[in-house]
Structures are given as C-alpha cells and as structure tokens.
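User: Please take a close look at a single helix and its surroundings. Give the cut-offs as you go.

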Amino acid sequence: VSIVAAVEQGRIIYDNIRKFVFFLLSSNVAEIMIIFLATLAGLPTPLTAIQLLWLNLLTDGAPALALAMEKGDPDIMRRRPRPTNEPIINRSMGLGIFIQTITQTGATLTAFSLGLIWHLQQSLPAGVNPFLQLFSFDWRGVDVQSAETMAFVTLSLCELFRAYTVRSEHLSIFQIGVFSNRYMQYAVGLSIALLLLVVSVPFLQPIFNTHFMTGREWLTVLSLALIPATAEEITKAYLRWQDRKRVIAD
C-alpha cells in the first residue's frame with residue numbers, strides 16, 4: 001500500500017511540475033511574441049515595462065504556485081507509466097505551447113489593434129479609414145494609453161482564465177471541478193481584484209499607464225480573453241481522442 005501511495009504521489013508531483021512549466025513557458029513565449037510582432041509591424045509597444053513585470057510576478061506567478069497544490073487527476077493511477085527518457089516538454093506540451101502562443105498573442109494584438117483603430121477614429125479627419133492607417137501612421141510621441149490598457153487587461157485575463165484549464169493535462173475543467181482547488185480561487189481572485197485596482201484607481205493609473213475602460217472595451221477584452229482557455233479545452237479533447245485511438249489500436 002505504501003509503495004502504491006508513493007507512486008501516486010510521485011506522479012502527482014511530476015504532473016504538477018509539468019503544469020507549472022507549461023503555464024509559465026507558454027505565457028512568457030506569448031509575451032515575447034506580442035512585443036516582437038508589434039515592433040515588426042511598426043506599431044507602438046503594446047505593453048510597458050511595468051506591465052510586463054506585473055504579468056510575470058503576479059498574473060503568472062500566483063496561479064503557477066496554485067498549480068503546485070493540485071491533488072492530481074482522478075485517473076492518475078490508471079495511466080501507463082511514462083517512458084523513462086521522455087522529457088518534461090514532450091510532444092503534447094509542445095503542441096500546447098504552440099497553440100497558446102498563437103491564441104494569446106492573437107487575442108492581445110487584436111485588442112491592442114482595436115484600441116489603436118478607435119484612437120485613430122477620434123484623431124483622423126472624417127472619411128479617412130483608420131484601419132488603412134493603422135500600420136502607416138506615425139505613432140511616435142502618441143499616447144496610446146487606451147490601447148495599451150486593452151492589451152494589458154486582455155493578456156492578464158487570458159492567463160488567469162486559462163490557469164483553470166491547465167489544472168489537468170488531459171481532463172476537461174468540468175471533469176476535475178472548476179472550484180476544486182481553493183488555492184486557485186485565491187490566486188485568481190486576488191489577481192483580478194488587483195488588476196481592477198490598477199485600471200480604476202486614479203493614482204495608480206499613471207504608474208501603470210492605464211485608464212478605466214469603457215463598456216465597449218470591456219466587452220471586447222472579455223470576449224478575446226476567453227479564446228486561449230477555449231483553445232486549451234479543445235486541445236485536451238483532441239489529445240483524449242488520440243489516446244482513445246491509441247488504446248483501440250493496441
């Protein structure tokens with residue numbers, strides 16, 4: 001019995017390490033791609049230095065620590081032993097990092113671009129298409145606070161929402177229970193509360209270069225922020241299907 005318990009605990013610890021690595025690595029690669037692609041396209045920087053620091057220390061850090069408190073999947077002892085030479089970043093994690101990089105980068109840059117377009121609508125003469133001016137406009141010296149706030153909040157919520165889906169590599173969030181890890185509730189709840197503070201409290205806004213968003217901006221941000229979590233659930237469904245095919249073939 002003690003050997004079985006030790007094996008189970010070992011699997012849980014290993015799985016939690018993988019979740020921790022996957023969550024942080026995919027989030028950080030997405031942040032790099034957001035800055036890189038925006039610079040390549042000639043757009044202003046979507047995220048300021050202090051916003052990136054906030055993302056890495058709080059939005060990424062708190063949920064990542066909560067992942068270490070996961071109790072393990074219900075079927076963890078029914079899985080086949082993993083190959084001894086399998087790296088932590090295996091094929092399935094590589095696929096997940098690739099998909100999350102695309103979805104988080106796409107969602108954040110879409111929010112940022114929409115913020116820039118709405119900014120241009122207010123500053124360009126009537127009749128000029130702001131979308132056509134997006135990549136040719138001279139953004140030097142222009143305060144794009146609204147667009148930066150949208151990018152910052154979108155990426156923050158992307159990472160916080162998908163932290164729930166990372167709690168299991170195989171099972172749906174509804175199979176393991178949305179609220180079954182109370183530490184995740186604390187981490188995400190605290191992060192969202194602090195995020196609302198930095199975009200709404202007047203003396204914090206100049207520090208983080210944020211502003212309180214309009215209803216249109218919130219609706220856009222919330223819709224885009226759900227994309228990575230949805231993509232993660234679809235990816236896991238695909239991996240479960242692949243596993244079933246493999247079992248049938250064997």
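Analyst: What follows starts at helix H2 and moves outward from there.

This is a predicted model, where local features need pLDDT of at least 70 and side-chain atom pairs count only at pLDDT 80 or more, while totals for chains, interfaces and linings use all residues. Residues are numbered from 1 along each chain as its sequence is written, and side-chain values use heavy atoms, with hydrogens and water left out.

Helix H2 spans residues 49–59. Helices here are DSSP runs (H or I, at least four residues), numbered from the N terminus. Gln 51, Trp 54, Leu 55, Leu 58 and Thr 59 are buried in H2. Buried means under 20% relative accessible area, exposed over 50%, and partly exposed in between (1.4 Å probe, protein chains only). Down the axis of H2, the buried residues fall within an arc of 110°, so they line one face of the helix. The arc is taken from the directions from the helix axis to the C-beta atoms. Ala 49 and Leu 57 sit on the other side of H2 and are exposed.

What does the buried set pack against? The partners are helix H1 (2–40), helix H3 (61–67), helix H6 (145–165), helix H8 (182–200) and helix H9 (205–208). Contact means heavy atoms within 4.5 Å.

Trp 54 also takes part in an aromatic pair. The structure holds four such pairs. Rings of Phe, Tyr and Trp (its six-membered ring) pair if their centres lie within 6.5 Å; planes under 30 degrees apart count as stacked, over 60 as edge-to-face, the rest as tilted. The ring centres of Trp 54 and Phe 208 are 5.2 Å apart and the planes stand at 85°, so this pair is edge-to-face. The pair links distant parts of the chain: Trp 54 lies in helix H2 and Phe 208 in helix H9, 154 residues apart. Both Trp 54 and Phe 208 are buried.

Another pair, Tyr 238 with Trp 241, is tilted, at 6.0 Å centre to centre and 40° between the planes. Tyr 238 and Trp 241 are three residues apart in helix H10 (residues 215–249), so about one helical turn separates them. Tyr 238 is partly exposed at 38% relative accessible area. Trp 241 is partly exposed too, at 40%.

One backbone detail belongs to the loop between H9 and H10, where Asn 209 is found. Asn 209 has a positive phi of about 55° although it is not a glycine.

Technical notes. Helices (H or I, at least four residues) and strands (E, at least two) are DSSP runs, numbered from the N terminus.
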